[in-house]
Amino acid sequence: MHLFKNIWFRFALLFVADGLLLAIGTLLWLVFTLPRIPENLEALSTQTGINIYAQSGELLYTFNQRVKQVTLDEVSPTFVQAVLATEDRDFYNHHGYSLKAIAGAFLDNLKSLRKTRGGSTLTQQIVKNLFLTRGKSYLRKFKELLLSTQLETMFKRRYGPSYKDKLLELYINGSFYGTNAYGVEDAAQTYFGKSAKNFTLLEAALLAGLPNAPSVLNPYRRDPSKIAKRVAHVLNRMTTAGWITQTDREAALKGSFAFNTDRAPQNRTPYFVETIKAEITRLWGTSTLSFGGLDVYTTLDLGMQRAAEQAVAEGLTDLDIRLGFPDYKTASETDRKDYVQAALLCLAPATGHVKAMVGGRDIFVSYFNRATQARRQPGSGFKPIAYLTAFASNQITPLSLFLDEPRTYSINNKPWTPKNFRNSYLGLTTAARALIRSANATSVQIVQYIGPEQVVEMGKRLGIQSPLFPYPSIALGSSEVTLLDMTTAYGTIANYGIRITPTFITAIEDSEGRTLYRHRPNPVPVLDPTHAYTMIRLLQHVVDRGTGRRVRTTGLQGPAAGKTGTTNDNTDAWFTGFTPDYTASVWIGFDSREGKR
């Protein structure tokens with residue numbers, strides 16, 4: 001018995017020791033992976049902005065640029081009170097974090113069984129804006145706590161008793177207020193055409209509440225209910241804190257806003273700009289966006305971008321009428337989410353440069369980029385990859401004969417009978433004709449013959465990043481892919497089998513003109529040029545006399561190739577094609593996979 005107890009004691013000791021080592025290792029990993037706060041704290045307040053240029057050198061957009069830094073003495077005291085009442089009433093009494101706020105948030109969230117409020121202090125929000133991502137996790141929250149404590153310590157050592165004022169100035173000068181306004185003075189001029197020291201109580205309440213959700217609460221979007229709700233919340237917090245009376249609150253709510261009509265230049269290519277931000281973050285981390293001082297040269301052709309946007313807008317307007325939707329411009333934000341969506345991406349396959357991109361019809365309704373993020377079934381648009389696999393296997397040629405007819409397959413012990421459009425079958429046909437006429441029955445036969453695993457491998461070689469699954473239905477586009485995937489794959493075919501990874505950025509320079517990054521294409525031969533040429537010729541026939549012949553009715557002249565794609569439930573429609581110089585893919589559908597509601 002004594003030996004048994006001794007063994008268990010040793011086991012428990014080893015268990016505790018392993019736990020301690022794991023905890024110490026995790027702590028050390030956190031410390032060494034924390035973003036570095038610069039010793040020069042003034043650098044945190046200096047942001048010269050990030051300039052994004054089109055391929056022509058024309059300036060597209062500047063963000064993270066603070067027009068003017070202001071001290072607390074240069075800001076309306078009412079605004080300062082509104083910020084503190086709304087975001088952190090105990091700001092002057094904590095050292096970067098508030099256990100009281102964390103506990104209160106935890107209890108409130110527990111009561112509602114969802115996240116209704118956060119427990120972040122103003123210092124934590126500064127850290128989150130400057131050094132961390134927006135992702136929500138306990139690990140990120142712990143990093144936030146560590147950095148907040150460090151930042152407060154550094155500010156106290158640098159500025160002495162007034163360090164809290166300096167932190168508060170960093171917050172109000174560094175917060176994003178929407179409409180490309182960074183800092184309270186920029187926001188004051190943008191929205192009201194006045195200085196931040198001349199706010200009314202109502203204006204102060206509005207701007208104090210904007211950083212919480214600057215896009216959703218953007219006054220120029222004119223969603224009165226959301227703005228009114230947020231302003232009332234700020235005024236209620238100020239009343240509770242004792243900084244204004246109930247009479248002040250009621251008088252403010254009876255007032256109205258006089259917004260500045262001479263607004264700052266708008267972002268002309270919002271989805272493209274957001275993609276550039278994501279790419280910079282991927283290359284160097286989120287803090288790079290915070291400190292600015294960059295000139296980013298992109299691949300965007302502004303003329304092609306405008307043409308793409310116009311084509312998508314006109315097509316969607318026509319489709320809205322056909323589907324019975326009211327005018328999109330008069331619809332509420334909530335109703336707009338149910339409208340049909342579209343995305344477009346165009347690149348030059350020889351360089352991989354993305355020339356135009358439309359991520360959706362309205363970024364204010366949804367920041368979700370349907371050109372790079374949405375994965376949807378491409379339907380028959382995937383068939384060229386399946387046929388190309390067959391030709392590359394040297395087991396099937398375009399002249400190989402098949403009997404295009406209904407056949408039943410056993411998939412997971414369940415019968416499956418792929419059908420052609422309108423149940424129209426070709427009978428004895430060649431592989432080439434089956435592709436041109438988009439015959440489902442023959443396409444599945446071909447995939448069954450060569451093996452769906454080979455199609456998956458071909459898709460990856462052509463540049464598809466989304467997961468592909470080796471089922472016979474892959475011939476009909478059952479695996480979900482992105483618009484970028486399809487454009488890359490077709491671009492590789494158009495480039496005679498040479499794959500070049502798409503890029504949105506050509507070069508990045510710092511404020512001194514030094515090149516920090518220059519894109520260099522990395523061409524990779526992935527396909528026999530003769531097989532690529534065969535597919536190019538077949539896809540030309542699809543456009544000239546097959547399922548894609550409507551392209552010609554638009555007046556398009558010259559060589560062109562491509563393939564349509566529609567899912568069985570008709571919630572997704574695609575066209576992906578190319579000319580000698582460009583490859584493009586277009587998707588139309590509903591964000592909801594159930595289609596029109």
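In the predicted model, Lys164 is positioned over the face of Phe91, 4.4 Å from the ring centre. A second placement of this kind involves Arg336, which lies over the face of Tyr328 at 4.6 Å from the centre of that ring.

Contacts between aromatic rings were also examined, and 17 aromatic pairs were counted. In one of these, the ring centres of Phe79 and Phe199 are 5.6 Å apart; their planes meet at 50°, between the limits of 30 and 60 degrees, and the pair is therefore classed as tilted. Phe79 belongs to helix α2 (residues 77-87), whereas Phe199 is located in the loop between α7 (184-192) and α8 (201-209), so the pair ties together parts that are 120 residues apart in sequence. Phe79 is buried, with a relative accessibility of 0%, and Phe199 is likewise buried, at 9%. Both residues belong to a cluster linked by ring pairs, which also includes Tyr191, Phe192, Phe257 and Phe259.

The model further contains an open sheet of 5 strands, arranged in the order β5-β4-β16-β15-β14 with antiparallel pairing. The edges are formed by β5 (353-358) and β14 (561-566); each has a single partner strand, so one side of each is left without a neighbour in the sheet. On average, neighbouring strands are turned by 10° against each other, direction ignored. Within the sheet, β15 (residues 572-578) and β16 (residues 583-589) run antiparallel and are joined by 7 bridges, with Thr576 standing opposite Ser585 in β16. Helix α13 (residues 302-323) packs on the sheet, where it touches β4 (341-348), β5 and β16. The direction of α13 makes an angle of about 30° with that of β5.

Terms used
Residues are numbered from 1 along each chain as its sequence is written. This is a predicted model: local features need pLDDT of at least 70, side-chain atom pairs count only at pLDDT 80 or more; totals for chains, interfaces and linings use all residues. Side-chain values use heavy atoms; hydrogens and water are left out. Two strands pair if DSSP finds at least two bridges between them. Helices (H or I, at least four residues) and strands (E, at least two) are DSSP runs, numbered from the N terminus. Axes are lines fitted to C-alpha atoms, for helices over the stretch in contact, and angles run from 0 to 180 degrees between N-to-C directions. Contact means heavy atoms within 4.5 Å. Rings of Phe, Tyr and Trp (its six-membered ring) pair if their centres lie within 6.5 Å; planes under 30 degrees apart count as stacked, over 60 as edge-to-face and the rest as tilted. Buried means under 20% relative accessible area, exposed over 50%, partly exposed in between (1.4 Å probe, protein chains only). A charge sits over a ring if NZ of Lys or CZ of Arg is within 6 Å of the ring centre and within 35 degrees of the ring normal.
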